[in-house]
Amino acid sequence: MDSVAHVAQMSRPGKRRRQNPLPGFGLSMGYTLTYLGLLVLVPLSTIVFKTFSMEWSAFWATISAPRALAAYGLSFFGALAAAAINCVFGTVVAWVLVRYRFFGKRLVDALVDLPFAVPTAVAGIALTAVWGPQGPLGEPLARVGIQVAYARWGILIAMVFVGLPFVVRTVQPVLETMEAEVEEAAATLGASRATTFCFVIVPHLAPALFTGFALSFARALGEYGSIVFISGNMPLRTEITPLLIMTKLEQFDYAGATALAAVMLVASFSVLFVVNSLQWRKGRAAKSPRTQRANRRAS
Amino acid sequence: MTQKRSVSESKASRVFLTAIALVFLGVVLIIPLALVFHTAFRDGLEGYLGALADPDTLSAIRVTCIAVAIAVPCNILFGFAAAWSITKFEFRGKRLIVSLIDVPFAVSPVISGMIFVLLFGADSFLGPWLSDHGIRIIFALPGIVIATTFVTFPFVARELIPVMQMQGAEQELAALTLGASPWQMFRLVTLPSVKWGLFYGSILCAARAVGEFGAVSVVSGHIRGETNTLPLHVEVLYNEYHFSCAFAVATLLILIAVLTLGAKATAELMERRTRPQRELPLKEAKP
Amino acid sequence: MKIDIQKVSKSFGLFPALDDVDVTIPSGELVALLGPSGSGKTTLLRVIAGLEVPERGRVFFGDLDVTQSAVRGRNIGFVFQHYALFPHMTVAQNIGFGLRVRKYKKKDIAKRTDELIELMQLHGLGNRLPAELSGGQRQRVALARALAPNPAVLLLDEPFGALDARVRQDLRRWLRRLHDQIHVTTVFVTHDQEEAFEVADRVAILNDGRIEQVGSPDEIFDDPANAFVMDFIGGANVLQGHLESGAWRFNDLVLPHHKDFGATGSATAYIRNKDIRLSCAPNGSPFFHATVTDARRVGLVVHATIHPQGSAEPLFAEIPHDDWSSSGFKVGSPVVASVKRAQIFQ
C-alpha cells in the first residue's frame with residue numbers, strides 16, 4: 001500500500017501535493033537523517049573499512065588468537081550466566097513488586113533502576129569494595145577459599161548488576177496486565193499454585209522473559225566500566241573482550257582492536273536482531289499504549 | 001500497583017519470596033552503593049570535602065559539564081526531530097531509523113569510543129588533515145563531547161517516541177484548524193503534551209552523559225586536569241590508591257543517579273495525572 | 001459561506017476513498033454526510049477542512065479556490081470525533097485557543113470565551129481540565145472551541161459517535177437549535193441515518209467514494225435515487241420481479257411504474273414495511289394474497305410476517321397496533337396485503 005501511494009505520487013511530478021497537513025516533515029526528517037548519518041553511520045562504517053583494509057590472514061589471526069578466544073568465551077558464557085541468574089531473581093523481584101504489599105515497596109521499585117542510572121565506573125569500584133578480600137562480603141568468602149573480586153565470580157557479579165533492570169522491567173508490566181481470571185480458572189480446575197505457576201504463568205511470561213534475557217545478555221556482553229575494576233584483567237583468565245579491545249587501542253594496535261570489535265558487533269547485532277524480529281512477530285498486539293509504556297520503562 | 005487477588009500463595013511462601021527478592025537486591029545493589037558512602041567518609045567530612053575541592057576534581061567537573069552542556073541540547077533537538085518525523089508521518093524505512101536509534105544500546109561502550117578514534121585519530125583518513133590544521137579531536141575535549149553525544153543520543157528520542165505515538169496527530173491537527181502557525185502548534189500543543197517525557201528523557205540523557213565511562217575513556221587520553229571527566233577521575237584516583245577520594249567523587253555520581261530516579265518517579269506521576277481522556281487508537285491521521 | 005466541491009478524487013494507495021465527487025453545500029445550511037463506513041464521508045470532510053489534499057478536483061469556499069491552501073488559512077472550525085481537546089489546558093483555555101493564536105487581546109478572548117461557555121451551557125466549568133468532564137461536556141467544549149474564532153464553515157466528524165444513546169439524543173436536538181441560532185454553514189459526518197435525518201437540512205448519501213444522492217430528508221425518504229439509497233435507509237422488503245408491459249410483476253402482484261425502463265427484464269421492488277396494509281378485501285391499491293405466519297407487538301406497532309401465496313420468501317409488515325387489533329387477524333389468517341407505495345429499480 002505504502003509503495004503504491006508512493007508510485008501514485010511519483011507519477012505526477014509536476015504537481016507535488018502535500019499528503020499530510022502537519023508541518024515540519026522535511027526539517028525534522030532532514031535533521032534526523034543528518035544526525036544519524038554523521039553520528040552513527042559514518043563512524044560505524046570506519047569499522048567496516050578498517051576491517052576490509054586488513055589482510056584476511058591477519059584478520060583471522062587476530063580474532064582467533066588464544067587470548068581472543070579466551071576473552072570471547074569469558075564474555076559469552078559470563079553474559080549468558082548473568083542473564084540466566086537475572087531471569088530467575090528478576091522474575092522473583094518483579095513478582096514480589098507486582099503481587100505483594102510490604103513496607104518500602106515503592107522505594108524498592110525505584111531502586112531497581114539504579115544500575116541503569118549509576119555510572120559503570122562507580123558500580124565497578126563499589127562492587128570491588130564489597131567483594132574484595134577486605135570487603136564485607138568478600139572477606140568471609142575469602143576465608144572459606146572463594147575469591148570473588150579479581151576472579152571470574154567478580155565478572156559474573158558485575159554482569160548481574162548491570163543486567164538486572166532489564167529483566168525486571170520487561171517482566172513487571174506483563175505481570176501487571178495479566179488477568180486474575182486466568183489464574184482463578186486454573187484454581188477452579190483444581191490446579192495447585194505450583195502447577196498454575198509452571199503451566200499458566202511462566203508460559204505467559206515467556207516472551208517477556210526472553211526479551212529481558214536477551215537485553216540483559218547484550219548489555220553484559222558489551223559491559224566494560226564495572227568489570228575492569230573487579231575482574232583483575234588477567235589475560236586468558238579474567239580478560240573480557242571489551243577490555244582486550246581497550247588494551248589493543250592503548251597499544252595503538254587499531255587494526256587488531258577493529259577486528260575484535262567487528263566480531264563483537266556481529267554478536268550484539270545478532271542478539272538485537274533476534275529480539276526485534278521476535279517482537280515484531282508478536283505483532284501489533286504488543287503496540288497497545290500499555291505495553292508501549294512498559295517497553296519504555298524497560299529501556 | 002498491588003492487585004487484590006483471591007487466588008494467591010500461602011503466607012509462608014509470600015514472605016519467603018519477598019525475602020529472596022529483598023536479599024538479592026540488597027546484596028547486588030544496596031550494599032555496594034552504601035559502602036561507597038561509608039568509604040567516602042572514612043576520613044571524615046573534612047577529607048570528603050577536601051577530595052571534592054581538589055583542583056583535579058574541579059577540572060573533571062568542568063570537563064563533564066562542558067560535555068553535558070553540548071551533548072544534551074543536541075540530543076534534545078534530535079529527540080524532537082526523530083520523534084516528530086517517526087510518529088506523525090508515514091514513510092518508507094521508518095523501521096530502519098528506529099533501529100539506528102538503538103545502536104548505542106547494542107554497541108559496547110569501548111567500541112563506541114573506538115569508532116571515533118578510527119574516524120578522527122592520527123591513523124585515520126581525516127587524521128592528517130586535522131593535524132595539518134591544528135585541530136585535536138581525539139585525546140582532547142571535542143572527542144569527549146562527540147563520544148558522549150553518541151552514547152546518549154537515544155534517550156530523549158526513546159522517551160518522546162512512545163508518548164507522541166500514543167497521542168496521535170489529532171491535537172496538532174486541531175490546533176492547525178484553529179489557525180495556529182506551525183510554531184504556535186509546537187509551542188502550545190506538542191511541547192506541553194510531552195513535557196514530562198521530555199523532562200525525564202533529558203535528565204536521563206544528562207545523567208548518562210555525566211556517567212559515561214567506557215567510550216570517553218577511549219577518546220580522552222586521561223590527561224589530568226584537562227581531559228578527565230568525573231568517572232575517569234574516579235578511576236585515576238582509585239588506581240592510585242586514593243580510595244576515600246575516589247569514593248568521595250563517586251558519591252557525587254551516585255547522587256546524580258538518585259536524582260535521576262527521583263525525576264523518573266515525578267515524571268511518571270505527573271504524566272499519569274494529565275493522562276489523555278481516552279485510550280487512543282495509535283494513528284488518528286490517515287497516511 | 002457556500003462550499004463547492006468539484007470533481008474531487010482522492011485515494012489511499014489502491015483504495016479510492018473519493019471518486020469524482022461533486023457536491024454543493026449552500027451557505028448557512030446544515031448538511032449531513034451519511035454513508036456506511038469506508039464510504040468516503042470522513043475523507044470528504046477532511047478534504048473540505050484541508051486535512052487531506054485531493055489528487056484531482058477543486059474545493060471552493062464561496063468563489064475562492066482553497067484546494068491548495070493550508071488548513072490554518074481556511075477559517076474553518078473542525079470538531080474531531082474524539083474531540084482532540086488539549087488535555088493540559090482548561091476548558092476556557094481550550095475555547096480561547098483559536099483567538100490566542102490569532103493574537104487577540106486577553107480581554108477580548110475572555111469575553112468571547114464567556115459568551116461561548118454561556119451558549120454551550122458550560123457554566124462553571126471554565127477552569128476544569130478536559131479529563132474532569134463528561135463525554136457530552138467535552139463534545140460541547142470541542143464545539144465551542146471550533147466556534148470561538150467565528151469560522152466560515154463548521155465541520156464535525158461523527159460528532160455524537162463516542163457518546164451514549166441518551167446524551168446523543170439530547171445533543172442532536174441541541175445542535176439543531178444551535179444551528180438555527182448561529183446559521184454557520186455546517187457539515188457533519190455520520191453513519192446513523194436517524195441522526196442525519198433528524199438534524200440536517202440536507203443529507204448527502206455516500207457509497208464507495210461516490211455521492212449517491214443529495215437532498216432534503218423528505219426527498220431522500222420519499223424519492224430515493226437508486227437501490228443503494230433505498231437499501232441503506234432500510235426497513236423495506238426486497239422483491240425480485242420482472243418487467244412486463246409497463247408494470248412490474250411478481251406472482252399476482254402488479255405494480256405500475258413511470259420510469260424509463262426497458263420493456264422487459266428483471267427488476268427489484270422495494271416495499272417499506274409500513275407501506276404494506278393488511279385487509280380482508282382489495283381496496284384499490286395493488287395487492288397480493290398472503291398468510292400471516294407471525295405477529296409480535298413492539299410498542300405501538302405490530303411486526304407481522306406474511307407469506308405471499310406461491311412464494312417461500314416471507315415479507316414483513318408494520319401495522320399500527322390499533323388497526324391490527326380492530327382487524328382481528330391472527331397467525332394463520334389469510335389476508336389481502338395491499339401496497340401503498342413501492343420503489344422499483346432495475
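Which residue of chain B forms a salt bridge with K50(A)? I would like to begin with that question, and to keep in mind throughout that what we have here is a predicted model. The partner is D123(B), and the closest N and O atoms of the two residues are 3.2 Å apart. Between chain A and chain B the count is 2 salt bridges, and the pair I have just named is one that joins these chains.

Let me stay with chains A and B for a moment. On the side of chain A that touches chain B, the element that gives the most is helix α2 of chain A, residues 25-53, with 17 residues. By class, that side of chain A has 70 nonpolar residues, along with 17 polar and 18 charged ones. If we look at both partners, the contact takes 105 residues from chain A and 102 residues from chain B. The size of an interface is often given as the accessible area lost when the parts come together. For chain A and chain B, the buried area is about 9400 Å², and carbon and sulfur atoms give 74% of that area. There are also 11 residue pairs in polar contact across this interface, counting pairs in which both residues have pLDDT 80 or more.

Now to chain C, and to its contact with chain B. Here 30 residues of chain C are in contact with 25 residues of chain B, and the area buried between the two chains is about 2500 Å², of which carbon and sulfur atoms give 63%. Which three residues of chain C supply more of the area that chain C buries against chain B than any other three? They are R72(C), H82(C) and H88(C), which together supply 23% of it. Across this interface there are 0 salt bridges, although 4 residue pairs are in polar contact, with both residues at pLDDT 80 or more. Several elements of chain C, namely α1, β6 (76-79), α2 (91-100) and α4 (135-147), each supply at least two residues of the side that touches chain B. By class, that side of chain C has 17 nonpolar, 5 polar and 8 charged residues.

Next, the strands within chain C. Strands of a sheet pair through backbone hydrogen bonds, either parallel or antiparallel. In chain C there is an open sheet of 4 strands, in the order β2-β1-β4-β5, and the pairing is antiparallel. Why is one side of β2 (15-25) and of β5 (64-65) in chain C left without a neighbour in the sheet? Both stand at the edges and each has a single partner strand, so there is no neighbour in the sheet on the other side. Strand β1 of chain C, residues 3-12, pairs with β2(C) over 7 bridges, and S11(C) has P16(C) in β2(C) as its bridge partner. Helix α1 of chain C, residues 41-49, lies across β1, β2 and β4 (56-61) of that chain and runs at about 60° to β2(C).

Finally, further along chain C, β11 (residues 236-244) and β12 (residues 247-250) run antiparallel and are joined by 3 bridges. These two strands form a hairpin with 2 residues between them, and S245(C) in the turn has a positive phi of about 40°. β12(C) also pairs with β13(C), residues 253-256, over 4 bridges in the antiparallel sense, and in this second hairpin N251(C) takes a positive phi near 50°. W248(C) in β12(C) stands opposite L243(C), and the bridge partner of W248(C) in β13(C) is L255(C).

Technical notes
Residues are numbered from 1 along each chain as its sequence is written. Chains are lettered from A and ligands numbered from 1 in the order in which they are written. This is a predicted model: local features need pLDDT of at least 70, side-chain atom pairs count only at pLDDT 80 or more; totals for chains, interfaces and linings use all residues. Side-chain values use heavy atoms; hydrogens and water are left out. Contact means heavy atoms within 4.5 Å. Buried area is the accessible area (1.4 Å probe) that two parts lose on being put together, summed over both. A salt bridge is a side-chain nitrogen of Lys or Arg within 4 Å of a carboxyl oxygen of Asp or Glu. A polar contact is a pair of N or O atoms within 3.5 Å; within protein, one must be able to donate a hydrogen and the other to accept it, and residues adjacent in sequence count only if both atoms are side-chain atoms. Ala, Val, Leu, Ile, Met, Phe, Trp, Tyr, Cys and Pro count as nonpolar, Asp, Glu, Lys and Arg as charged, and the others, Gly among them, as polar. Two strands pair if DSSP finds at least two bridges between them. Axes are lines fitted to C-alpha atoms, for helices over the stretch in contact, and angles run from 0 to 180 degrees between N-to-C directions.
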